[in-house]
2 protein chains.
Amino acid sequence: MGTGTRREPLNRERVLAAAVDLADSEGLRAVTMRRLAATLGVEAMSLYHHLPGKNALLDGLVENVVAEVGTAVAKIEGAGSPEQWQTILRSRFLAAREVMLRHPWAPALIGSRGSIPSGVYDYYETILATLIRAGFTYHLAHRALHAFGSMPLGFVQELFSPAPSGVQAASDEAMAELAQLAEELPHLIAMVSSEIHDADGDTLGWCDSQAEFEFTLDLLLDGLARHHD
Amino acid sequence: MGTGTRREPLNRERVLAAAVDLADSEGLRAVTMRRLAATLGVEAMSLYHHLPGKNALLDGLVENVVAEVGTAVAKIEGAGSPEQWQTILRSRFLAAREVMLRHPWAPALIGSRGSIPSGVYDYYETILATLIRAGFTYHLAHRALHAFGSMPLGFVQELFSPAPSGVQAASDEAMAELAQLAEELPHLIAMVSSEIHDADGDTLGWCDSQAEFEFTLDLLLDGLARHHD
DNA sequence: ACCTGAACACCGTTCAAGT
DNA sequence: ACCTGAACACCGTTCAAGT
């Protein structure tokens, strides 16, 4: 009687999936052993049968997101010629970014954990293979990986957009703060009003984080191409 | 009798200074209302007379570090001609980086807080002034600010160096992990061994984060120069 | 004005106990 | 094998009370 699935014993995957859902809907701060257990209709202590502790839970979250990036990126698979390394990497990084936009809590979490899940190494291996195949020296390829920073995973650590989502809210706050300091910040004010004026219609999104991401990415790719050729 | 200073009443500055010291020596996780109060020879609840709460304390920490960056960067003051914008920005960002290296906990904290202290706006105003003076359009200058990301504050969000310090420790761990996955990661292994071979003597620091920082910085500066000229 | 003690509502986690 | 209840050591924070 009943669905049956509700009585099925918990396992690591179901716990992690619930944790991802909880983080997506209520933020990472809501992901607490007790809260998470509650969403699974279970006591907090039951979770310890499937995960050693909170740290393992957070590592599992990172691992899950990285895996999601991995499958999204695998579809790109550089079918092109070696010379197309720029477009291959570009579309891979943009695919990764789409995953991150679905999990706004992930960048901060990934950055804050000490360990690096093995899926990241696999992913970096394919990036590196693309570069080497295109004729990069290992030295320049190494530099390139560092220069890309977190772009392979689809996010940038930017001061003015801590949360990849909520662009307009951040913009509103920023605008209000800026207005108060207008006299002392003439260039900033001029830039904001100039950019708003240019963005006809779409007033709210004067910081188009997607456009900024692509601009920075191309800046890096073009710069590397110049070092390479 | 005695020093007298010990009996002097607490104030916001002394609390924040103690918090910075505690974070520097034991990490941000050790900065707890109770622990912090203990280092000041006082009960936790006393802190609430000088700061509204934990959030205000963390905001104060960010504010302090940003102020430190501000004074470090003010010494650079672009005394050169407008055309020297690259070298001006370069030395400013490197000065900021030195501050961050003294406070390894700061990048993560700055990135995680929602608000942006006003000192950051002042600083960005001077960067913007330098770019505009050199003939940048507001649009390109805006793009540049986003592209720089967190470099004006002296740090990058990089996957392979979450903590700006502890380079060799991270390297050791990474090496151990890499060794286990050697067969599946031929390019990564080849890159690491190639780079270690090139770094004569200084085996541990095969990832020279200072060099990587400067390489990425120059990549961005050169790329912007090409867009500008 | 500045500091304190006890208390409250939350954490993660251990351990012995249930079925 | 899987889940639970009570307990412990920590949090941040409120409030009434001390001087």
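Which helix of chain B gives the most to the surface near DNA strand D? Helix α2 (residues 33-39) does, with 3 residues. Helices here are DSSP runs of H or I with at least four residues, numbered from the N terminus. The structure is a predicted model, in which local features need pLDDT of at least 70, side-chain atom pairs count only at pLDDT 80 or more, and totals for chains, interfaces and linings use all residues. Residues are numbered from 1 along each chain as its sequence is written, chains are lettered from A and ligands numbered from 1 in the order in which they are written, and side-chain values use heavy atoms, with hydrogens and water left out.

DNA strand D is surrounded by 16 residues. A residue counts as near a strand if one of its heavy atoms lies within 4 Å of it. The closest are Glu43(A), Ser46(A), His49(A), Arg34(B) and Lys54(B). Of the strand D atoms that come within 4 Å of the protein, 53% belong to sugar and phosphate. Polar contacts (pairs of N or O atoms within 3.5 Å) were then examined. The side chain of Ser46(A) places an N or O atom 2.8 Å from a phosphate oxygen of strand D. For the side chain of His50(A), the distance to a phosphate oxygen is 3.4 Å. Arg34(B) reaches a base instead: an N or O atom of its side chain is 2.4 Å from a base nitrogen.

DNA strand C also has 16 residues around it. Arg34(A), Lys54(A), Glu43(B), Ser46(B) and His49(B) come nearest. Helix α2 (residues 33-39) of chain A supplies the largest share of this surface, 3 residues. A phosphate oxygen of strand C is 3.0 Å from an N or O atom in the side chain of Thr32(A). Another contact involves the backbone: a polar backbone atom of Lys54(A) is 2.7 Å from a phosphate oxygen. A polar side-chain atom of His49(B) lies 2.9 Å from a base nitrogen of strand C.

The two protein chains also meet. In chain A, 59 residues are in contact with 58 residues of chain B; contact means heavy atoms within 4.5 Å. The chains bury about 5700 Å² between them, 66% of it on carbon and sulfur atoms. Buried area is the accessible area (1.4 Å probe) lost when two parts are put together, summed over both. There are 2 salt bridges between the chains. A salt bridge is a side-chain nitrogen of Lys or Arg within 4 Å of a carboxyl oxygen of Asp or Glu. One joins Arg143(A) to Glu212(B), with the closest N and O atoms 3.0 Å apart. On the side of chain A that touches chain B, α10(A) gives the most, with 11 residues.

Definitions and conventions. Polar contact = N/O pair within 3.5 Å; in protein donor to acceptor, adjacent residues only side chain to side chain. Helix = DSSP H or I, 4+ residues; strand = E, 2+ residues; numbered from the N terminus.
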